[in-house]
2 protein chains.
Amino acid sequence: MQKIHNLSKNQKIIFDLIDKSAEPMKAYAILFNVQKKGIKAPLQVYRALDKLVEIGKIHKIESRNAFIACQNSSCQISKATAFSICESCENISEISNSKLSKYLSNFSDNSGMKYSKYNLEFFGLCKKCKSK
Amino acid sequence: MQKIHNLSKNQKIIFDLIDKSAEPMKAYAILFNVQKKGIKAPLQVYRALDKLVEIGKIHKIESRNAFIACQNSSCQISKATAFSICESCENISEISNSKLSKYLSNFSDNSGMKYSKYNLEFFGLCKKCKSK
DNA sequence: TAACAGTATGTAATAATATAACATTTATAA
DNA sequence: TTATAAATGTTATATTATTACATACTGTTA
Ligand SMILES: [Zn+2]
Ligand SMILES: [Zn+2]
Ligand SMILES: [Zn+2]
Ligand SMILES: [Zn+2]
């Protein structure tokens, strides 16, 4: 059962922008885009991003410092994320593969760590770029 | 068969520092530490870091913007990395688990992507922090 | 309603991370 | 030795993210 979060004004503006974007967006690109809507300072953007990440509406692509809307409604609130990144055209998408997520969510080793979250980034070439 | 890379002067200074460190090091912490050895500018540090990452002597912990020496001699030259991160004490270590690396290296889906590299970060609580 | 707690906002300043551009030097190999 | 690649030095600047502080909104409960 997923809690419904009513997004605040800034959160909604920023989520809508990211959600409509074809690619992951960087914080300052977001800032530039929402200035006409009255969001003027980096901190306003970062605060909204933090919250949106926290509630799983968006994810951060760590290797790119960019943010993407969650493409996976059943995604476990940002606790289990996997992405596919084309190193040639920078096309990025969220991987939704139940075997993979089960495997990783159940992963444990003999280190004594109790894992509660993971983030995985795969890199390679997409269909298009492969055939060039 | 692993190619032997003869590290240059700056690369060696910086690798030795990271290798001796108990924790992952951030670029400007590295800079501060090597200034007495004549490395004065950020770019000198970043260039050495880039090379060391490229040849697999160190890895970047993306979620922390920090660098750690490879703890896994058989690590496939930074093509397949996994880390364990305690969110309480920030203890970080490289996971060396052949089943995991096999599973991920062989991962493929029906997206048409050809994967050649991955980076995985697990988050949780270490033994010590769990029992607090 | 009033008081409170929690969340969100606005604004300015600054910190932390990373790269561009250009000149020079050193190592490697044909 | 000549050419090429790799590494270095230096200055400036771009990009990403946070601190600090004041104010306002939202929902809950006395
Ligand atoms: Zn998701
Ligand atoms: Zn591509
Ligand atoms: Zn390694
Ligand atoms: Zn710990």
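These exercises work through the fold, the sheet, the symmetry and the salt bridges of a predicted two-chain model.

Residues are numbered from 1 along each chain as its sequence is written, and chains are lettered from A, with ligands numbered from 1, in the order in which they are written. In this predicted model local features need pLDDT of at least 70, side-chain atom pairs count only at pLDDT 80 or more, and totals for chains, interfaces and linings use all residues; side-chain values use heavy atoms, with hydrogens and water left out.

**Exercise 1. Chain A in outline**

Task: State which secondary-structure elements chain A has, in what pattern they run, and what share of its residues is buried.

Solution:
- Step 1. Count the elements. Chain A has five helices and five strands. Helices (H or I, at least four residues) and strands (E, at least two) are DSSP runs, numbered from the N terminus.
- Step 2. Read along the sequence. The pattern is α-α-α-β-β-β-β-α-β-α.
- Step 3. Get the extent. Along the principal axes, the C-alpha atoms fill a box of roughly 50 × 45 × 25 Å.
- Step 4. Get the burial. Of the 132 residues in chain A, 43% are buried. Buried means under 20% relative accessible area, exposed over 50%, and partly exposed in between (1.4 Å probe, protein chains only).
- Step 5. Check the contacts (heavy atoms within 4.5 Å). Among those with a separation of 6 or more, 51% join residues 24 or more positions apart.

**Exercise 2. The two copies**

Task: Find the operation that lays chain B on chain A, and say which residue of chain B comes closest to the rotation axis.

Solution:
- Step 1. Superpose. Copies are fitted by least squares on the C-alpha atoms of residues with pLDDT of at least 70 in both.
- Step 2. Read the result. A turn of 180° and a shift of 0.0 Å along the axis lay chain B on chain A, with an RMSD of 0.0 Å. That is the relation of a two-fold axis.
- Step 3. Locate the axis. Leu120(B) comes closest among the residues of chain B, its C-alpha lying 2.2 Å away.
- Step 4. Compare the interfaces. The copies meet through the same surface, because 100% of the interface residues of chain B are also interface residues in chain A.

**Exercise 3. The sheet**

Task: Give the strand order of the six-stranded sheet, and name the strands at its edges.

Solution:
- Step 1. Set the order. The open sheet runs β4(A)-β3(A)-β5(A)-β6(B)-β4(B)-β5(B), with mixed pairing. Two strands pair if DSSP finds at least two bridges between them.
- Step 2. Find the edges. β4 (92–94) of chain A and β5 (92–94) of chain B each have a single partner strand, so one side of each is left without a neighbour in the sheet.
- Step 3. Add the twist. From one strand to the next it averages 20°.
- Step 4. Take a pair within chain A. β3 (residues 80–86) and β5 (residues 114–125) of chain A are parallel, with seven bridges. Phe83(A) has Glu121(A) as its bridge partner.
- Step 5. Place a helix. α4 (residues 98–105) of chain A packs on the sheet, touching β3 and β5 of chain A and β6 (114–125) of chain B. Its direction makes about 135° with that of β5(A). Axes are lines fitted to C-alpha atoms, for helices over the stretch in contact, and angles run from 0 to 180 degrees between N-to-C directions.
- Step 6. Take the pair across the chains. β5(A) and β6(B) are antiparallel, with 11 bridges. Lys114(A) has Leu125(B) as its bridge partner in β6(B).

**Exercise 4. Salt bridges**

Task: How many salt bridges does the structure hold over all chains? Place three of them.

Solution:
- Step 1. Count. There are eight over all chains. A salt bridge is a side-chain nitrogen of Lys or Arg within 4 Å of a carboxyl oxygen of Asp or Glu.
- Step 2. Look within a helix. Lys51(A) pairs with Glu54(A), the closest N and O atoms being 3.9 Å apart. The two are three residues apart in helix α3 (residues 42–54) of chain A, so about one helical turn separates them. Lys51(A) is partly exposed at 30% relative accessibility, and Glu54(A) is exposed at 54%.
- Step 3. Look between chains. Lys117(A) and Glu87(B) meet at 3.5 Å, N to O. This pair crosses from strand β5 of chain A to the loop between β4 and β5 of chain B. Lys117(A) is partly exposed, at 27% relative accessible area. Glu87(B) is partly exposed too, at 39%.
- Step 4. Look along chain B. Glu90(B) and Arg64(B) meet at 2.7 Å, N to O. They are 26 residues apart and link distant parts of the chain. Arg64(B) sits in the loop between β2 (58–61) and β3 (66–69) of chain B. Glu90(B) is partly exposed, at 33% relative accessible area.
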